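Dear colleague,

I am handing over the structure we spoke about, and below it you will find an account of what was found in it. Please read the text with the model open beside you.

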Amino acid sequence: MASSVKEIIYRLKNSDKKLKIIIALGIVGMLLILLSETSLFTADRKEKDDYSYDVYISSLEEETENIIESIDGAGECRVMLTLKYTKESEFAKNYQENKSESSYSDSFEYVLYKGANGEEPLLLKESFPQVQGVAVVCSGSDNTAVKEEIINCLSSVFDIPTSKISVSKLKQ
């Protein structure tokens, strides 16, 4: 075994540059394949998958508070959002229909691909939760013009009716 390794090294030393380049590219290719299977490249995808409902809603509430506080006269505020549902995912499916003169049946199975954790369903679309209602408590809400501006702002940002937005005075 050791003599065959020495023989390969001897042949590489005496070979032309083209062969050395081809071998070097082959080694680099194998290293890239090995690295792609490790957690270095899959860490970002795992982080996205672990993005939780609580993190999403708290960051959305924080952004909403920042927007409202930037409205002239709104002052300090607190925001609570309610969402229609949690995250929704749509996966690819294969449908099969069986028709005959006297019966009909249909079925489906998910399309799978080989992922990092074995076979995984093929994700087509992922939807984040939509805002259903907003409660705002701010120091400037006693001014009707400010209150109306906050309601109109939130209605357009979240595409919800004004009846789903409540603005109240912040307790001092």
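**What was found**

V79 is buried, with a relative accessible area of 10%, and this residue, which lies in strand β1, is a convenient place to start reading the structure, which is a predicted model. Leaving out residues up to four places away in sequence, V79 touches E61, T64, E65, I68, V134, A135 and V136. The C-alpha atoms of V79 and V137 are separated by 6.5 Å, although the two residues are 58 residues apart along the chain.

For the overall layout, the secondary structure of the protein comes to five helices and nine strands, and from the N terminus on the elements run α-α-α-α-β-β-β-β-β-β-β-β-α-β. Of the contacts in the protein with a separation of 6 or more, 63% are accounted for by residues 24 or more positions apart. Buried residues make up 21% of the 172 residues, while the accessible surface of the protein comes to about 13,400 Å², with 55% of that surface belonging to carbon and sulfur atoms.

Some care is needed over confidence. The average pLDDT of the protein is 80, and 78% of the residues score at least 70. Over residues 39–47, however, pLDDT stays under 50, and for this stretch the model has five contacts beyond four places in sequence.

**The core**

The largest nonpolar core has 23 residues, and among these V134, V136 and I150 touch the most other members. At least two residues of this core are supplied by each of α4 (53–69), β1 (77–83), β8 (131–138), α5 (144–158) and β9 (165–169), with the largest share, six residues, coming from α5. If you would like to follow one core residue outward, V136 is in contact with I68, R78, V79, I150, L154, S166, V167 and S168, once its neighbours within four places in sequence are left aside.

Helix α5 also holds S155, and S155 counts as buried because its relative accessibility is 17%, below the 20% under which a residue is called buried. Not counting residues up to four places away in sequence, S155 touches I160, P161, T162 and I165. In the loop between α5 and β9 one finds D159, whose phi is near 55°, a positive value in a residue other than glycine. At 70% relative accessibility, D159 counts as exposed.

**The surface and the salt bridges**

On the surface, Y95, F108, Y110 and L112 make a nonpolar patch of about 460 Å². One of these residues, F108, has its place in strand β4 (residues 104–110) and is partly exposed, with a relative accessible area of 42%.

How many salt bridges does a search of the whole structure find? The search finds three, and they can be taken in turn.

In one of them, the side chains of R78 and E76 meet with a distance of 3.2 Å from N to O. Both partners are described by intermediate values, since R78 counts as partly exposed at 45% relative accessibility and E76 counts as partly exposed at 43%.

In another, E97 forms a salt bridge with K99, and the closest N and O atoms are 3.8 Å apart. Here E97 is partly exposed, with a relative accessible area of 49%, whereas K99, at 65% relative accessibility, counts as exposed.

In the remaining salt bridge, D142 pairs with K169, the closest N and O atoms being 3.7 Å apart. Because D142 lies in the loop between β8 and α5 and K169 lies in strand β9, this pair ties together parts that are 27 residues apart in sequence. D142 is exposed, with a relative accessible area of 57%, and K169 is partly exposed, with a relative accessible area of 42%.

When you look through the model yourself, I would suggest beginning with V79 in strand β1, then moving to V136, which has V79 among its contacts, and from there to I150, one of the core residues that touch the most other members. Please keep in mind throughout that this is a predicted model, and that pLDDT stays under 50 over residues 39–47.

With kind regards

Methods: Residues numbered from 1 in each chain as written. Heavy atoms only, no water. Helix = DSSP H or I, 4+ residues; strand = E, 2+ residues; numbered from the N terminus. Buried < 20%, exposed > 50% of the residue type's maximum accessible area, 1.4 Å probe, protein only. Contact = heavy atoms within 4.5 Å. Areas by Shrake-Rupley, 256 points an atom, 1.4 Å probe, with all protein chains shown as cover. Core = buried A, V, L, I, M, F, W, Y, C linked by side-chain atoms within 4.5 Å. Patch = residues over 30% accessible without salt bridge, like charges linked within 9 Å, V, L, I, M, F, W, Y side chains within 5 Å. Salt bridge = Lys/Arg side-chain N within 4 Å of Asp/Glu carboxyl O. pLDDT = per-residue confidence, 0-100.
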